[in-house]
Amino acid sequence: TVMPKRARSSGRAAELITKKAKLAEKSAFSQDLQWREVGESESVSPLLVLDGPGAAHFGAVAGFDIDGCVITTKSGKKFPTGPKDWKFLFDCVPAKLKDLHNRGTKVVFFTNQAGIEKKKVDVQELQTKFEDIINNLGIPVQVFVSTGENHYRKPSAEMWKYMESACNGGVKVNREKSLFVGDAAGRKKNWAPGMPKDFSCGDRMFAANVG
């Protein structure tokens with residue numbers, strides 16, 4: 001079947017409009033931060049970083065895991081159904097993170113996303129989601145994403161070390177005044193009434209490895 005010229009032209013125009021809309025949505029990001037890849041790989045780089053001129057450079061760092069810690073799903077499902085299926089885990093989260101930033105503490109997200117390497121997670125959708133979260137916070141947040149089973153993956157301290165050495169504007173990080181918050185603490189079932197066991201102890205080990 002040969003598509004008529006008018007139909008082909010209409011299809012191309014619709015595709016162009018869609019692309020422009022996506023670009024406009026991406027340009028709506030409120031912070032002067034850009035995504036870049038760190039490390040070489042045949043498929044996807046082992047580390048994705050959201051960093052740039054707008055980043056905060058402080059000696060004290062407050063690091064956070066994202067899923068199940070800063071946000072949860074809006075749908076109530078275990079895994080998000082799309083980039084818009086998220087909400088803050090608690091209503092107080094935005095105010096708490098803004099307060100940290102305003103008091104001179106650098107807010108950073110560290111997340112394992114092995115689904116990228118397994119091609120189960122779309123990188124652009126994930127980046128759009130994280131940008132949306134930061135837009136809602138209204139403060140500059142650096143993001144470090146381990147994309148698979150590599151040396152940056154928590155509980156390895158390599159994401160934190162990279163942040164210290166390459167993404168803090170030359171300001172020395174004081175680990176004694178810094179903290180990390182995560183939900184994977186290796187807790188057993190019913191550690192609190194009715195609570196399931198943690199899926200791993202990766203976040204607690206990450207904090208221990210960083211010191």
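Among the contacts in the chain with a separation of 6 or more, 64% are between residues 24 or more positions apart, a figure that, like every other one here, is computed from a predicted model. The secondary structure comes to 6 helices and 8 strands, and along the sequence these elements follow the pattern α-β-β-β-β-β-α-β-α-α-β-α-β-α. Of the 211 residues in the chain, 40% are buried.

The pairing of strands offers a way into this arrangement. Strand 1, residues 34-38, runs antiparallel to strand 2, residues 47-51, and 5 bridges join the two; within this pairing, tryptophan 35 has leucine 50 of strand 2 as its bridge partner. Strand 2 is in turn joined to strand 7 by 4 bridges, again in the antiparallel sense, with leucine 48 standing opposite valine 145 of strand 7. Strand 7 also pairs with strand 6, but here the sense is parallel and the pairing extends over 5 bridges, one of which has phenylalanine 109 and valine 143 as partners. Strand 7 is thus paired with strand 2 as well as with strand 6.

How many residues of strand 2 are buried? The count is 5 of the 5, so strand 2 is largely enclosed by the rest of the structure. Leu47, Val49 and Asp51 point one way from the strand while Leu48 and Leu50 point the other way, and all of them are buried. For strand 7 the count is likewise 5 of the 5, and therefore this strand, too, is largely enclosed by the rest of the structure. Both of its faces are covered, since Gln142, Phe144 and Ser146 on one side and Val143 and Val145 on the other are all buried.

Phe144 leads from the strands to the aromatic side chains. A search of the whole structure finds 7 aromatic pairs. The rings of phenylalanine 110 and phenylalanine 144 have centres 5.5 Å apart and planes at 20 degrees, and because planes under 30 degrees apart count as stacked, this pair is described as stacked. The pair links distant parts of the chain, with phenylalanine 110 in strand 6 (residues 105-112) and phenylalanine 144 in strand 7 (residues 142-146), 34 residues apart. Phenylalanine 110 is buried, with a relative accessible area of 0%, and the value for phenylalanine 144, also buried, is 0%. Phenylalanine 110 has a further partner in phenylalanine 206: these ring centres are 5.6 Å apart and the planes stand at 50 degrees, so the pair is tilted. This second pair links strand 6 to helix 6 across 96 residues of sequence, and both of its members are buried. Phe110, Phe144 and Phe206 belong, together with Trp160 and Phe180, to one aromatic cluster.

A last region to consider is the loop between strand 8 (179-181) and helix 6 (202-210), where aspartate 183 lies. Aspartate 183 is buried yet has no salt bridge, and the nearest side chain of opposite charge, that of arginine 187, is 6.2 Å away. Leaving aside neighbours within four places in sequence, aspartate 183 is in contact with Asp65, Asp67, Gly68, Asp198, Phe199 and Asp203. Arginine 187, for its part, lies over the face of tryptophan 191, at 3.8 Å from the ring centre.

Definitions and conventions: Residues numbered from 1 in each chain as written. Predicted model: local features only at pLDDT ≥ 70, side-chain atom pairs only at ≥ 80, totals over all residues. Heavy atoms only, no water. Buried < 20%, exposed > 50% of the residue type's maximum accessible area, 1.4 Å probe, protein only. Lys, Arg positive; Asp, Glu negative; His and termini not counted. Salt bridge = Lys/Arg side-chain N within 4 Å of Asp/Glu carboxyl O. Contact = heavy atoms within 4.5 Å. Phe/Tyr/Trp six-rings, centres within 6.5 Å; stacked < 30°, edge-to-face > 60°. Lys NZ or Arg CZ within 6 Å of the ring centre and 35° of its normal. Pairing = 2+ DSSP bridges.
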